[in-house]
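Me: I have a two-chain model open and want to go through its strands, cores and chain contacts. Can we take it step by step?

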Amino acid sequence: MLRLLLDEGISPAVAMGLRRRCHGMEVFAMAEWEGGNFVGLPDSVCLREAAVHELTLVTYDRGAISPVLKEWMEEGITHGGVIFVDEKTISPAETGQLVSALAGLAKEPGDWEWTNRISFLRDRCDTAFPITSKLQNRKRSLPDLRRRWPDNSR
Amino acid sequence: MVVSMRLPTESAKRLRRMANRHGWTPSDACARLVEEGLRRTEFAFIDFRDTPAGRQACIQASSLAVWEVMQLVRAYKGDAAAVAKHLAWPLVKVQAALHYAEAFPKEINEVLADHHALDLVALKHMLPQTVEFAPKRPERR
């Protein structure tokens with residue numbers, strides 16, 4: 001089962017959202033994990049401790065973490081897996097979107113082994129976001145209502 | 001401008017070691033440390049750290065670099081209060097990052113550009129096992 005540690009740049013609201021949405025899923029925000037003792041520590045230290053606890057790190061920071069992972073891979077050091085989130089399709093400000101994407105990731109490949117796995121998580125851009133289409137439908141339905149009950153529109 | 005200074009022998013040795021570690025000359029290392037010291041004095045909550053992506057301006061008591069806070073500020077369309085809420089930080093820390101980025105826009109924009117250049121293809125070059133994942137959307141009713 002996927003167990004997640006969210007990088008400091010990801011809102012703790014994402015951890016709360018995931019716990020609500022995926023019952024039984026273990027998710028920790030960096031600020032609350034291990035009493036917040038790992039806030040401000042180098043990424044390599046957090047990654048090492050996450051591996052000990054079999055946690056997969058979720059982060060937007062490709063620049064600082066990928067060189068550490070490359071070095072570890074070349075030296076044969078294992079880690080608990082890393083999920084890089086693509087900020088171009090999942091904005092850090094859209095916490096609900098990130099919760100949905102991570103919930104989808106946790107659900108679909110249930111048998112994945114997360115040790116040393118590296119995922120690049122992105123949202124599908126080919127279709128409109130469901131909530132947007134719902135709003136559009138709602139907007140479209142108003143003239144329909146007026147046509148059906150003209151007196152109500154005044 | 002050339003400024004010469006006297007350093008205790010032990011400090012000079014440590015400076016040389018630091019310079020070697022980063023591939024700088026001792027003179028470069030000295031100039032950088034002076035500049036960082038001045039910026040630390042002039043800007044609240046700013047610290048400098050060695051990261052695998054190079055030496056970066058960071059926010060004190062946090063693992064976030066200034067550019068990461070700026071990425072959030074852009075995501076929230078400049079709303080510093082929303083970023084503070086997102087990070088569960090006091091607003092003043094986000095404002096400190098904003099002011100630093102305003103004072104050194106080139107430095108921050110260059111790091112942001114480097115970050116955006118590290119896309120899926122570049123990531124796969126570095127970490128060949130990287131797998132793209134885009135979850136299925138829920139069915140429309």
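Me: In which sense do strand E1 (residues 4–6) of chain A and E3(A) run?
Reply: This is a predicted model. Three bridges join strand E1 (residues 4–6) of chain A to E3(A). One residue to look at is Leu6(A), which stands opposite Val58(A) in E3(A). The sense in which the two strands run is parallel.

Me: Which residue in E4(A) is the bridge partner of Val58(A)?
Reply: E3(A) also pairs with strand E4 (residues 82–85) of chain A. That pairing is parallel and has three bridges. In E4(A), the partner of Val58(A) is Ile83(A).

Me: Which helix joins E3(A) and E4(A) in a β-α-β unit?
Reply: The unit is made of E3(A), a helix and E4(A). Its hand is right-handed. The helix is H3 (residues 62–75) of chain A.

Me: On strand E3 (residues 56–59) of chain A, which residues are buried on the side away from Thr56(A) and Val58(A)?
Reply: Both faces of this strand are covered. Thr56(A) and Val58(A) are buried on one side. The buried residues on the other side are Leu57(A) and Thr59(A).

Me: Which helix gives the largest share of the largest nonpolar core?
Reply: The largest nonpolar core has 41 residues. Leu4(A), Leu5(A), Leu6(A), Val58(A), Val85(A), Leu102(A) and Leu121(A) have the most contacts inside it. The largest share of this core is six residues, and they come from helix H4 (residues 95–107) of chain A.

Me: How many residues does the other core, with Val66(B) and Leu87(B), have?
Reply: It lies apart from the largest core. Among its residues are Val66(B), Val69(B), Leu87(B) and Ala97(B). Its count is 21 residues.

Me: Which element of chain A gives the largest share of the side that touches chain B?
Reply: 39 residues of chain A are in contact with 32 residues of chain B. The elements of chain A that give two or more residues to this side are H3, H4, strand E5 (118–121) and helix H5 (130–148). The largest share is nine residues, from H3(A).

Me: How many residues on that side of chain A are nonpolar?
Reply: The residues of the side of chain A that touches chain B divide into three classes. Polar residues number 11 and charged residues 10. The nonpolar count is 18.

Me: Which residue in E3(B) is the bridge partner of Phe120(A)?
Reply: E5(A) pairs with strand E3 (residues 131–133) of chain B. The sense is parallel, over three bridges. The partner of Phe120(A) is Glu132(B).

Me: How many residues lie between E1(B) and E2(B) in their hairpin?
Reply: Strand E1 (residues 46–51) of chain B and strand E2 (residues 54–59) of chain B run antiparallel, joined by six bridges. Asp50(B) stands opposite Arg55(B) in E2(B). The number between the two strands is two residues.

Me: How far apart are the C-alpha centres of domain 1 and domain 2 of chain B?
Reply: Chain B is divided into domain 1 (9–42) and domain 2 (45–126). The C-alpha centres of these domains lie apart by 23 Å.

Me: Why is Pro42(A) neither buried nor exposed?
Reply: Pro42(A) sits in the loop between strand E2 (27–29) and helix H2 (43–52) of chain A. Buried takes 20 or more other C-beta atoms within 10 Å, and exposed takes 12 or fewer. Pro42(A) has 16, so the class is partly exposed.

Terms used:
Residues numbered from 1 in each chain as written. Chains lettered and ligands numbered in written order. Predicted model: local features only at pLDDT ≥ 70, side-chain atom pairs only at ≥ 80, totals over all residues. Core = buried A, V, L, I, M, F, W, Y, C linked by C-beta atoms within 7 Å. Helix = DSSP H or I, 4+ residues; strand = E, 2+ residues; numbered from the N terminus. Pairing = 2+ DSSP bridges. Right-handed = clockwise from strand over helix to strand, strands pointing away. Contact = placed C-beta atoms within 7 Å. Nonpolar A, V, L, I, M, F, W, Y, C, P; charged D, E, K, R; others polar. Domains from an automatic or database assignment.
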